[in-house]
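User: Please take a close look at one part of this model, a pair of packed helices, and describe how they meet. Add what can be said about other local backbone features afterwards.

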Amino acid sequence: MDELADKAAALVARRPRHARLRRVGTSRAGAPLWLLSVGHGSRQALVVAGPHANEPVGGATALRLAERVLADPSLTEGADATWNLLLCLDPDGLRRNEDWLSGPYTLGHYFRHFFRPGFLEQPEWLPDGAAAAVLPETRTLLALQDELKPFFQASLHGVDVGGGFVELTHDLPGLADRMAGIARRLGVPRELGPYDTLYWPVLGPAVHLIPPPQRGDLAAAITEAAVESTWYHPHRYGTVTAIVEAPMWGVAAVEDGSPPADRDAVLRTISRTLRHDARTLELLLARIRPLLAAVPDAARLLAPVGDYLLVCPGLADAWDPDRGVQDRPLPPLMTAHLAALRIAGRRLALRTAGLLHQLVTGAGAVAAGALPELDRLIDAWCADYRDGCGARWIPVARQVEYQARVVLAAFELAAHRAPEGARSGEPGWCSGTAVPMHQE
């Protein structure tokens, strides 16, 4: 976290006429929120790094983008644009991931030290609407959006296991082709069917259109992004928002567009496995919960555990061909979709197990008896990712280069896009009631 600010300050010292660094807010724990701005154009672009605590690639991507923009006047003067790069939206959460950030980059090390706050503490979401935003990080981002009125916004995310994909609030024709070329040159798999986009419009391979936000319950918000968020808040200004996902461990199967040999058999296995793993973790949690009273900040670790265990049964039912809601059948699925669903189910279990591992470790001797079981589960599930799914580490430099190139492609397309009329405030906008997709 400190390294991001130091590198940004060094860049400004090198190019003071073209780059500026200012503190735009403060996190809950008192960490500064830094905005690096490059260029002096009248059109504003906003790049948000670090919106999720366990997705650190965005900070490095923001610095890479700043260097590229400084080196290429067509991205500033030529586009009449200023680039505004928020170096990290959740610095407190990022610090809690620092135990794995320096390596070794193994799945076991990552999940044992993984941290991501509960849904209500994730600063991009607006569970009660923008006016009721509580987190200072969220209020800082909302204020920036209202100040800058950006024509383009990129939110930099990282997929732990899977492939790269983009979610858009407006179509950017041509982005899918550009993204395909970037992914091919860098050897990054594209995720054709992420689990939370199953019912969303497809704009092109690995590019999806985010539905307009609706008010929904917690389960809906965790399992789909069609809820009120800072992605849609600047829609009133005609902003195009691109959520750019870059994978840490790539899986080739997530870009397999072939029809599956036996879709229903695979879905039954995925659903059965998720139910079994969730039940195993629920029993473990019940066993150790009375021992956690003395663990510092236990509530912050238990919040995401509760979120993950909340959504597992509904997802398992939604994916099960024998239990799915009949008036909301699954859409046609490629092999890529089945690979993404398998990865998603395993991700929920591994994240939960990793957080429980940290709680047990913090509890010390009184809870140490649960460690062997947690270690066994984490090792087995990581082996399934590695050997069963073929997950392979993508070097950080390649993750950064991939994400930066996709952002630049989206920026260029957005810069030439004809503006649309604002929809915020129209009758029906954000006024519906959303329920989890598997219960609609």
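Analyst: What follows treats the helix pair and then some further local features.

The model is predicted. Two packed helices are described by the angle between their axes and the distance between the axes. For helix H11 (residues 335-363) and helix H12 (residues 371-388), the axes come within 10 Å and cross at roughly 150°. Because angles over 145 degrees count as roughly antiparallel, H11 is roughly antiparallel to H12. The crossing of H11 past H12 is left-handed.

On the H11 side, the contact is made by Arg-342, Ile-343, Arg-346, Arg-347, Ala-349, Leu-350, Ala-353, Gly-354, Leu-356, His-357, Val-360 and Thr-361. H12 contributes Leu-371, Leu-374, Asp-375, Ile-378, Trp-381, Cys-382, Asp-384, Tyr-385 and Gly-388. By class, the residues of this contact between H11 and H12 divide into 12 nonpolar, four polar and five charged. An α-helix has 3.6 residues a turn, so residues three or four places apart point the same way. Members of the H11 list such as Ile-343, Arg-346, Leu-350, Ala-353, His-357 and Val-360 can be read with that spacing in mind.

Another helix, H7 (residues 175-186), has 12 residues. From first C-alpha to last, H7 reaches 16 Å, close to the 16 Å expected at 1.5 Å a residue. Its buried residues are Leu-175, Ala-176, Met-179, Ala-180, Gly-181, Ile-182, Ala-183 and Leu-186. These buried residues of H7 pack against strand E6 (165-168), strand E7 (202-204), strand E8 (207-209) and helix H13 (396-415). After H7 comes Gly-187, with a positive phi near 70°.

The loop between E7 and E8, two of the strands that H7 packs against, holds Ala-206. Ala-206 is not a glycine, yet its phi is positive, at about 70°. Ala-206 is buried, with a relative accessible area of 1%.

A positive phi, near 60°, is also found at Asp-297, a residue other than glycine. Asp-297 sits in the loop between helix H9 (263-288) and helix H10 (298-319). With a relative accessible area of 41%, Asp-297 is partly exposed.

Finally, the peptide bond from Gly-103 to Pro-104 is cis, with omega near 0°. Pro-104 lies in the loop between helix H4 (98-101) and helix H5 (107-112).

Methods
Residues numbered from 1 in each chain as written. Predicted model: local features only at pLDDT ≥ 70, side-chain atom pairs only at ≥ 80, totals over all residues. Heavy atoms only, no water. Axes fitted to C-alpha atoms, helices over the stretch in contact; angles between N-to-C directions. Helix = DSSP H or I, 4+ residues; strand = E, 2+ residues; numbered from the N terminus. Parallel < 35°, antiparallel > 145°, perpendicular 65-115°, else oblique. Left-handed = near helix turned anticlockwise from the far one by under 90°. Contact = heavy atoms within 4.5 Å. Nonpolar A, V, L, I, M, F, W, Y, C, P; charged D, E, K, R; others polar. Expected span 1.5 Å × (residues − 1). Buried < 20%, exposed > 50% of the residue type's maximum accessible area, 1.4 Å probe, protein only.
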